[in-house]
Amino acid sequence: MRLVISLLSGALFGAGLYLSGMTDTTKVQGWLDVFGQWDPTLAFVMGGAILPMAVAWQLTRGRRPLSGGTFPTPARPEIDRRLVIGSTLFGMGWGLAGLCPGPAIASLTFGGLPGLVFAAFMIGGMLLAPGLKARLDRAVPAE
Amino acid sequence: MQIDWIMGLIGGLLIGSAGAVLLLGNGKIMGASGIIGGLVDGSARSEARERLVFLAGVLVMPLLLIPFAGTPDTNATSNLAVLAAAGLLVGTGTRIANGCTSGHGVCGISRLSLRGIVATVFYILAGGLTIVLFRHIFGVI
């Protein structure tokens with residue numbers, strides 16, 4: 001049951017990333033490039049994605065997930081150093097290459113060498129992250 | 001151009017539906033960086049199978065659509081140094097922030113999560129600034 005749901009979700013995600021054009025780095029960089037030839041496509045993708053998700057969050061109220069367990073609760077503390085610094089680093093990489101984790105996987109089969117190099121270093125970064133997180137917390141003690 | 005916006009909206013609706021299926025079905029947040037990262041650093045061993053199945057769907061589905069929707073091109077830079085730096089930044093940043101465009105952006109904003117909104121503001125500002133610096137000032141990308 002959980003595996004079928006995961007596969008269905010992954011297939012929808014892959015189809016959506018591909019059809020929306022988000023595997024095309026020029027569309028992502030074009031959206032971020034407000035001083036160049038601005039491309040609004042990403043705003044349509046985000047808006048389209050937020051709609052069904054907002055409905056889904058409403059449907060979680062007073063219910064349980066189909067395959068059991070509980071729905072996730074918001075993380076605490078809400079805003080911390082990790083969130084701000086991590087998101088800034090992510091944004092820099094996102095702007096540089098026009099790729100984020102979802103599209104990087106969705107385009108792996110047709111993205112050639114650039115896609116493979118990006119994905120390999122992204123996975124490397126993910127391996128380094130736990131150590132960096134610990135350093136970040138030590139550098140300035142949590143308030 | 002307009003057809004790109006319509007395809008963006010259709011693709012976006014599919015992405016949001018994917019998140020809705022995973023949330024209502026398995027009670028999980030569809031965050032690409034979390035799903036990949038948990039597999040990579042071993043922190044999600046008990047869920048490894050369902051995460052691998054999810055990623056298989058993401059990987060294979062575009063291949064099945066190529067005959068109908070045309071040959072895709074990522075138009076990614078061929079500058080390997082830029083790709084390596086970008087990959088490292090995306091990998092470390094999303095794991096430190098505990099989310100990316102799908103987790104914080106799509107799943108967070110739709111629940112009006114302050115974390116999701118703040119993360120999205122920061123990665124968009126950082127991305128925009130990076131484009132200004134490296135495209136318009138240094139001319140690297």
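## Two helical chains and the spaces between them

Within chain B of this predicted model, helix α4 (residues 80-97) of chain B has the highest mean pLDDT of the elements, at 98, and helix α3 (residues 48-69) of chain B has the lowest, at 96. For chain B as a whole the average pLDDT is 96, and 99% of the residues score at least 70.

Now for the folds. Chain B has six helices and zero strands, so to speak an α-α-α-α-α-α string when read along the sequence. Chain A also comes to six helices and zero strands, and from the N terminus on its elements run α-α-α-α-α-α. As for dimensions, the C-alpha atoms of chain B fill a box of roughly 45 × 40 × 30 Å along the principal axes, while those of chain A fill one of roughly 45 × 45 × 30 Å.

Next, the interface. On the chain B side, 97 residues are in contact with 101 residues of chain A. Between them the two chains bury about 9,100 Å², and 78% of that area sits on carbon and sulfur atoms. If you want names, T74(B), I96(B) and R115(B) supply 8% of the area that chain B buries against chain A, more than any other three residues. There is some charge pairing here too: the rule finds three salt bridges across the interface of chain B and chain A. D33(A) forms a salt bridge with R135(B), and the closest N and O atoms of that pair are 3.1 Å apart.

On to the empty space. Rolling a probe the size of a water molecule over the atoms shows where such space is left. Here are the three spaces side by side.

| Space | Volume | Lining by class |
|---|---|---|
| Largest cavity | about 200 Å³ | 14 nonpolar, three polar and no charged residues |
| Largest pocket | about 760 Å³ | 11 nonpolar, 16 polar and eight charged residues |
| Second largest pocket | about 260 Å³ | five nonpolar, six polar and four charged residues |

A search of the whole structure finds one cavity of 30 Å³ or more. That cavity is lined by 17 residues, and both chains take part: L17(A), M22(A), C100(A), I15(B) and T101(B) lie nearest its centre. In terms of elements, α1 (2-20), α3 (41-59) and α5 (101-106) of chain A, together with α5 (101-109) of chain B, each supply at least two residues of the lining. Helix α3(A) gives the most, with four residues. No charged residues appear in this lining.

The largest pocket, with its volume of about 760 Å³, has 35 lining residues. Closest to its centre are P72(A), I29(B), G31(B), G34(B) and N98(B). Chain B's helices are well represented in the lining: α1 (2-26), α2 (32-40), α3, α5 and α6 (114-137) of chain B each supply at least two residues. Eight charged residues belong to this lining, along with 16 polar and 11 nonpolar ones.

That leaves the second largest pocket, at about 260 Å³. Of the 15 residues that line it, Y18(A), L19(A), S20(A), G21(A) and K27(A) are the closest to its centre. Helix α1 of chain A and α1 of chain B each supply at least two residues of this lining, with α1(A) giving the most, at three residues. The split by class is five nonpolar, six polar and four charged.

Methods:
Residues numbered from 1 in each chain as written. Chains lettered and ligands numbered in written order. Predicted model: local features only at pLDDT ≥ 70, side-chain atom pairs only at ≥ 80, totals over all residues. Heavy atoms only, no water. 1 Å grid on protein atoms, 1.4 Å probe; cavity = no way out; pocket = protein on both sides within 12 Å on 5 of 7 lines; lining within 4 Å. Points joined across faces, edges and corners; volume = space filled by probe spheres on them. Nonpolar A, V, L, I, M, F, W, Y, C, P; charged D, E, K, R; others polar. pLDDT = per-residue confidence, 0-100. Contact = heavy atoms within 4.5 Å. Buried area = accessible area lost by both parts, 1.4 Å probe. Salt bridge = Lys/Arg side-chain N within 4 Å of Asp/Glu carboxyl O.
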